Amino acid sequence: MVTYIMNQLVIVLDFGGQYRELIARRVRECGVSSAIWPGDTPIDRISQAEPIGIILTGGPDSVYLPGSPRCDPGLFSLGVPVLGICYGMHLISESMGGTVQRGAFSELGRTSMTVDVSCPMFAGLSSAQTGLMSHTDHIASLPSGFISVGRTENCANAAIADPGRKI
(Lines give C-alpha, C1' and ligand atoms only; values in the text may rest on other atoms or scores of the structure.)
Protein backbone atom coordinates (compact mmCIF):
# COMPACT_ATOMS: atom_id res chain seq x y z
CA MET A 1 0.00 0.00 0.00
CA VAL A 2 1.32 3.43 -0.98
CA THR A 3 0.96 6.28 1.48
CA TYR A 4 0.71 9.57 -0.39
CA ILE A 5 2.55 12.65 0.72
CA MET A 6 -0.17 15.26 1.13
CA ASN A 7 -0.25 18.30 -1.14
CA GLN A 8 2.61 17.16 -3.36
CA LEU A 9 2.18 16.93 -7.10
CA VAL A 10 4.42 16.06 -10.02
CA ILE A 11 3.06 17.26 -13.35
CA VAL A 12 3.78 15.05 -16.34
CA LEU A 13 3.63 17.16 -19.51
CA ASP A 14 2.68 14.91 -22.42
CA PHE A 15 4.32 15.30 -25.83
CA GLY A 16 2.82 12.15 -27.32
CA GLY A 17 5.11 9.57 -25.76
CA GLN A 18 3.81 6.07 -25.26
CA TYR A 19 5.10 5.87 -21.67
CA ARG A 20 3.21 8.81 -20.11
CA GLU A 21 0.94 6.53 -18.05
CA LEU A 22 3.88 4.44 -16.86
CA ILE A 23 5.79 7.58 -15.85
CA ALA A 24 2.81 8.92 -13.88
CA ARG A 25 2.28 5.55 -12.21
CA ARG A 26 5.94 5.34 -11.15
CA VAL A 27 5.63 8.78 -9.53
CA ARG A 28 2.51 7.61 -7.64
CA GLU A 29 4.34 4.45 -6.56
CA CYS A 30 6.81 6.77 -4.83
CA GLY A 31 3.94 8.20 -2.80
CA VAL A 32 3.55 11.46 -4.72
CA SER A 33 0.47 12.46 -6.69
CA SER A 34 0.89 12.87 -10.43
CA ALA A 35 -1.18 14.44 -13.16
CA ILE A 36 -0.76 14.12 -16.92
CA TRP A 37 -1.36 17.42 -18.70
CA PRO A 38 -0.86 18.48 -22.34
CA GLY A 39 2.66 19.63 -23.17
CA ASP A 40 1.45 23.11 -24.09
CA THR A 41 -0.32 23.72 -20.76
CA PRO A 42 -0.05 27.46 -19.92
CA ILE A 43 2.58 28.38 -17.35
CA ASP A 44 -0.04 30.09 -15.16
CA ARG A 45 -1.94 26.81 -14.70
CA ILE A 46 1.29 24.93 -13.94
CA SER A 47 2.41 27.56 -11.44
CA GLN A 48 -0.98 27.63 -9.68
CA ALA A 49 -0.77 23.86 -9.13
CA GLU A 50 2.49 24.38 -7.16
CA PRO A 51 4.15 21.17 -8.39
CA ILE A 52 7.21 19.77 -6.63
CA GLY A 53 8.50 18.58 -10.01
CA ILE A 54 7.73 18.51 -13.72
CA ILE A 55 8.43 15.68 -16.16
CA LEU A 56 8.44 16.24 -19.93
CA THR A 57 7.61 13.01 -21.77
CA GLY A 58 9.02 11.67 -24.98
CA GLY A 59 7.18 11.88 -28.26
CA PRO A 60 7.40 11.00 -31.94
CA ASP A 61 8.46 14.45 -33.18
CA SER A 62 11.84 16.13 -33.66
CA VAL A 63 12.22 19.45 -31.84
CA TYR A 64 13.98 21.12 -34.75
CA LEU A 65 11.08 20.64 -37.18
CA PRO A 66 8.54 23.44 -37.73
CA GLY A 67 5.31 22.84 -35.84
CA SER A 68 6.82 20.42 -33.32
CA PRO A 69 5.16 20.51 -29.88
CA ARG A 70 6.45 23.10 -27.41
CA CYS A 71 6.08 23.94 -23.76
CA ASP A 72 6.08 27.35 -22.15
CA PRO A 73 9.80 28.10 -21.55
CA GLY A 74 8.79 29.83 -18.32
CA LEU A 75 8.51 26.44 -16.65
CA PHE A 76 12.32 26.27 -16.50
CA SER A 77 12.27 29.33 -14.24
CA LEU A 78 9.71 28.05 -11.71
CA GLY A 79 12.47 26.79 -9.43
CA VAL A 80 11.17 23.21 -9.32
CA PRO A 81 13.09 20.19 -10.64
CA VAL A 82 12.40 19.36 -14.29
CA LEU A 83 13.12 15.97 -15.88
CA GLY A 84 13.01 15.57 -19.65
CA ILE A 85 12.74 12.10 -21.14
CA CYS A 86 13.76 11.64 -24.81
CA TYR A 87 11.82 14.36 -26.72
CA GLY A 88 11.42 16.14 -23.38
CA MET A 89 15.21 16.29 -22.91
CA HIS A 90 15.65 17.54 -26.47
CA LEU A 91 12.97 20.18 -25.89
CA ILE A 92 14.73 21.39 -22.73
CA SER A 93 18.02 21.59 -24.59
CA GLU A 94 16.66 23.49 -27.58
CA SER A 95 14.49 25.79 -25.44
CA MET A 96 17.51 26.79 -23.38
CA GLY A 97 19.95 27.42 -26.24
CA GLY A 98 21.33 23.99 -27.11
CA THR A 99 21.29 22.39 -30.54
CA VAL A 100 19.45 19.19 -31.45
CA GLN A 101 20.22 17.47 -34.75
CA ARG A 102 19.47 14.28 -36.59
CA GLY A 103 22.23 11.80 -35.82
CA ALA A 104 24.10 9.44 -38.09
CA PHE A 105 22.96 6.43 -36.03
CA SER A 106 19.66 5.32 -34.52
CA GLU A 107 19.54 3.73 -31.10
CA LEU A 108 16.55 1.51 -30.51
CA GLY A 109 15.73 -0.67 -27.51
CA ARG A 110 18.06 -1.60 -24.68
CA THR A 111 21.37 0.22 -25.00
CA SER A 112 24.45 0.12 -22.79
CA MET A 113 25.29 3.50 -21.34
CA THR A 114 27.65 5.06 -18.84
CA VAL A 115 26.31 7.57 -16.32
CA ASP A 116 28.02 10.05 -14.02
CA VAL A 117 27.19 8.78 -10.52
CA SER A 118 28.18 12.13 -9.00
CA CYS A 119 24.99 13.52 -10.59
CA PRO A 120 22.16 13.36 -7.99
CA MET A 121 19.87 11.69 -10.54
CA PHE A 122 22.22 8.68 -10.68
CA ALA A 123 23.42 8.68 -7.06
CA GLY A 124 23.66 5.18 -5.63
CA LEU A 125 23.74 3.50 -9.04
CA SER A 126 26.55 1.79 -10.91
CA SER A 127 28.07 3.85 -13.71
CA ALA A 128 27.25 1.02 -16.14
CA GLN A 129 23.53 1.16 -16.95
CA THR A 130 21.09 0.00 -19.60
CA GLY A 131 18.98 2.70 -21.18
CA LEU A 132 15.84 2.27 -23.23
CA MET A 133 16.50 4.24 -26.41
CA SER A 134 14.19 5.17 -29.26
CA HIS A 135 15.79 7.97 -31.21
CA THR A 136 17.99 9.16 -34.03
CA ASP A 137 18.17 12.80 -32.90
CA HIS A 138 20.91 13.88 -30.52
CA ILE A 139 22.00 16.97 -28.63
CA ALA A 140 24.90 18.36 -30.67
CA SER A 141 25.65 21.29 -28.34
CA LEU A 142 24.60 21.74 -24.74
CA PRO A 143 22.82 24.82 -23.41
CA SER A 144 24.80 27.07 -21.09
CA GLY A 145 25.03 25.62 -17.57
CA PHE A 146 24.41 22.03 -18.68
CA ILE A 147 26.83 19.11 -18.48
CA SER A 148 26.71 15.66 -20.01
CA VAL A 149 25.98 13.03 -17.33
CA GLY A 150 25.31 10.00 -19.52
CA ARG A 151 26.60 8.62 -22.80
CA THR A 152 26.22 5.66 -25.11
CA GLU A 153 28.55 4.42 -27.83
CA ASN A 154 26.80 6.64 -30.40
CA CYS A 155 25.41 9.46 -28.25
CA ALA A 156 27.73 11.70 -26.21
CA ASN A 157 24.79 13.44 -24.50
CA ALA A 158 22.39 10.62 -23.65
CA ALA A 159 21.71 12.34 -20.32
CA ILE A 160 22.33 15.98 -19.44
CA ALA A 161 21.88 18.07 -16.33
CA ASP A 162 21.98 21.60 -15.03
CA PRO A 163 22.52 20.88 -11.33
CA GLY A 164 22.17 24.53 -10.29
CA ARG A 165 18.66 24.78 -11.72
CA LYS A 166 17.72 21.15 -10.95
CA ILE A 167 17.01 20.37 -14.59
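1. Which residue in strand 8 is the bridge partner of Ile-147? The partner is Ala-161. This note treats a predicted model, and the pairing of strands 7 and 8 is a convenient place to enter it. The two strands, with strand 8 covering residues 159-161, run antiparallel to each other and are joined over three bridges. Together they make a hairpin, with six residues between them.

2. On to the other pairing of strand 7. Strand 7 (residues 147-152) also pairs with strand 5 (residues 99-115), again in the antiparallel sense and over three bridges. Met-113 has its bridge partner in strand 7, namely Thr-152.

3. These pairings belong to an open sheet of four strands, ordered 6-5-7-8, in which the pairing is antiparallel. Strand 6 (128-141) and strand 8 stand at the edges; each has a single partner strand, so one side of each is left without a neighbour in the sheet. On average, and with direction ignored, neighbouring strands of this sheet are turned by 30° against each other.

4. Helix 3 should be read together with this sheet. Helix 3, residues 87-95, lies across strand 5, strand 6 and strand 8. Its direction relative to strand 6 is given by an angle of about 35°.

5. What is the size of the largest nonpolar core, and which residues touch the most other members? The core has 26 residues, and those with the most contacts to other members are Leu-13, Ile-54, Leu-56, Leu-75, Phe-76, Val-82 and Ile-92. At least two residues of this core come from each of strand 1 (9-14), strand 2 (33-38), helix 2 (43-49), strand 3 (53-56) and helix 3. Helix 3 gives the largest share, four residues. Helix 3 therefore appears twice in this note: as a contributor to this core, and as the helix lying across strands 5, 6 and 8.

6. Leu-75 can be followed in detail. Leaving out residues up to four places away in sequence, Leu-75 touches Leu-13, Ile-43, Ile-54, Leu-56 and Val-82. A second core, separate from this one, has ten residues, including Met-113, Val-115, Met-133 and Ala-161. Two of these residues were named above as bridge partners: Met-113, paired with Thr-152, and Ala-161, paired with Ile-147.

7. How many disulfides does the count give? The count comes to zero. Cys-71 is in no disulfide, and the nearest cysteine sulfur, belonging to Cys-86, is 15 Å away. Cys-71 is buried, at a relative accessible area of 9%. Cys-119 is likewise in no disulfide; the nearest cysteine sulfur is that of Cys-155, 15 Å away. Cys-119 is buried too, with a relative accessible area of 8%. A disulfide requires two cysteine sulfur atoms within 2.5 Å, so a separation of 15 Å rules out the pair of Cys-71 and Cys-86.

8. The count of salt bridges comes to five. One of them joins Asp-14 to Arg-20, with the closest N and O atoms 3.5 Å apart. Arg-20 counts as partly exposed, at 28% relative accessibility.

9. Another salt bridge is formed by the side chains of Arg-26 and Glu-29, at 2.9 Å from N to O. Both residues lie in helix 1 (residues 20-29), three residues apart, which is about one turn of the helix. Arg-26 is partly exposed at 46% relative accessibility, and Glu-29 is partly exposed with a relative accessible area of 40%.

10. Is Asp-162 buried or exposed? Asp-162 is buried, with a relative accessible area of 5%. Its side chain meets that of Arg-165 in a salt bridge, at 2.5 Å from N to O. Arg-165 is partly exposed, at 38% relative accessibility. Elsewhere, Arg-25, Arg-26 and Glu-29 are joined into one network by salt bridges that share partners.

Methods. Residues are numbered from 1 along each chain as its sequence is written. This is a predicted model: local features need pLDDT of at least 70, side-chain atom pairs count only at pLDDT 80 or more; totals for chains, interfaces and linings use all residues. Side-chain values use heavy atoms; hydrogens and water are left out. Two strands pair if DSSP finds at least two bridges between them. Axes are lines fitted to C-alpha atoms, for helices over the stretch in contact, and angles run from 0 to 180 degrees between N-to-C directions. Contact means heavy atoms within 4.5 Å. Buried means under 20% relative accessible area, exposed over 50%, partly exposed in between (1.4 Å probe, protein chains only). A nonpolar core is a set of buried Ala, Val, Leu, Ile, Met, Phe, Trp, Tyr and Cys residues joined through side-chain atoms within 4.5 Å. A salt bridge is a side-chain nitrogen of Lys or Arg within 4 Å of a carboxyl oxygen of Asp or Glu.
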